[in-house]
Amino acid sequence: MNKITWNEFEKIDIRVGTIMEAIDFPEVEKEAYKLRVDLGKKLGIKKSSAQITTLYTKRELIGMQVLVAVNLHPKKIGPFLSECLIMGFYKEESSVVLAIPDGKIENGLRLV
C-alpha cells in the first residue's frame, strides 16, 4: 500500500451531494448511469457517470445523498464529461456499494 502525507490527503475535496437525476448510459462498454448531483449553493449541480447498475435502480438513486470527490479533473467517458467522482466500495464481481452519510445533511458539506 502506498502511503500519502496528511497534506496530500487534505487536497482531496469530498462533499455530500444529492442525486437529482439518473439515466441510462448506453454508449459505454460497462453498464453505467449518467447522474446529476446537487452539491449545494456554492458548487451547484455536477455531472458524473457511475457503474452502479448492479445494486441500484435509477428510481432508488433519486434523492439519495452520496459522497463525491469534487476537485478531480473532469474525465471524458465516451461522449460524456464527468465532472466529479461518486464514491463507493467494490463488492464481489465489481458491483459498487455507494458511500453515503449516516443521516440527511446539507448538500455541499465537506468531509473532514
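This is a tutorial dialogue on reading the fold, the sheet and the pockets of a predicted model.

User: Where should I begin, and which elements of secondary structure does the protein have?

Analyst: Begin with the inventory and then read the order: the secondary structure of this predicted model comes to three helices and nine strands, and along the sequence these follow the pattern α-β-β-α-β-α-β-β-β-β-β-β. The radius of gyration is 14 Å, close to the 13 Å that the globule rule gives for 112 residues, so the protein is as compact as a globular protein of that length. Along its principal axes the C-alpha trace spans about 40 × 35 × 25 Å, and 37% of the 112 residues count as buried.

User: How do I read the sheet, and in what order do the strands of the open sheet stand?

Analyst: A general point helps when you look at any strand: in a regular strand the side chains alternate between the two faces of the sheet. Here five strands form an open sheet in the order β3-β2-β1-β4-β7, with antiparallel pairing. The edge strands are β3 and β7, each of which pairs on one side only.

User: How many bridges join β1 to β2, and how many join β1 to β4?

Analyst: Strand β1, residues 14–24, is joined to β4, residues 65–69, by five bridges, while six bridges join β1 to β2, residues 33–38; both pairs run antiparallel. To find the register on the β4 side, look for I14, whose bridge partner is A69, and for R15, which stands opposite V68. On the β2 side, E21 stands opposite R36.

User: How is a pocket found, and which residues lie nearest the centre of the largest one?

Analyst: The idea is that rolling a probe the size of a water molecule over the atoms shows where empty space is left. In this model the largest pocket has a volume of about 540 Å³ and is lined by 24 residues, of which S49, A50, Q51, I77 and L85 lie nearest its centre. Strands β3, β5, β7, β8 and β9 each supply at least two residues of that lining, which divides by class into 14 nonpolar, six polar and four charged residues.

User: What is the volume of the second largest pocket, and which residues line it?

Analyst: The second largest pocket has a volume of about 180 Å³, and its lining includes K30, E31, Q51, Y90 and E93. By class, this lining has two nonpolar, five polar and three charged residues. Q51 is worth locating in the structure, since the residue is listed in the lining of both pockets.

Key:
Residues numbered from 1 in each chain as written. Predicted model: local features only at pLDDT ≥ 70, side-chain atom pairs only at ≥ 80, totals over all residues. Heavy atoms only, no water. 1 Å grid on protein atoms, 1.4 Å probe; cavity = no way out; pocket = protein on both sides within 12 Å on 5 of 7 lines; lining within 4 Å. Points joined across faces, edges and corners; volume = space filled by probe spheres on them. Helix = DSSP H or I, 4+ residues; strand = E, 2+ residues; numbered from the N terminus. Nonpolar A, V, L, I, M, F, W, Y, C, P; charged D, E, K, R; others polar. Pairing = 2+ DSSP bridges. Rg over C-alpha atoms; globule rule 2.2 N^0.38 Å. Buried < 20%, exposed > 50% of the residue type's maximum accessible area, 1.4 Å probe, protein only.
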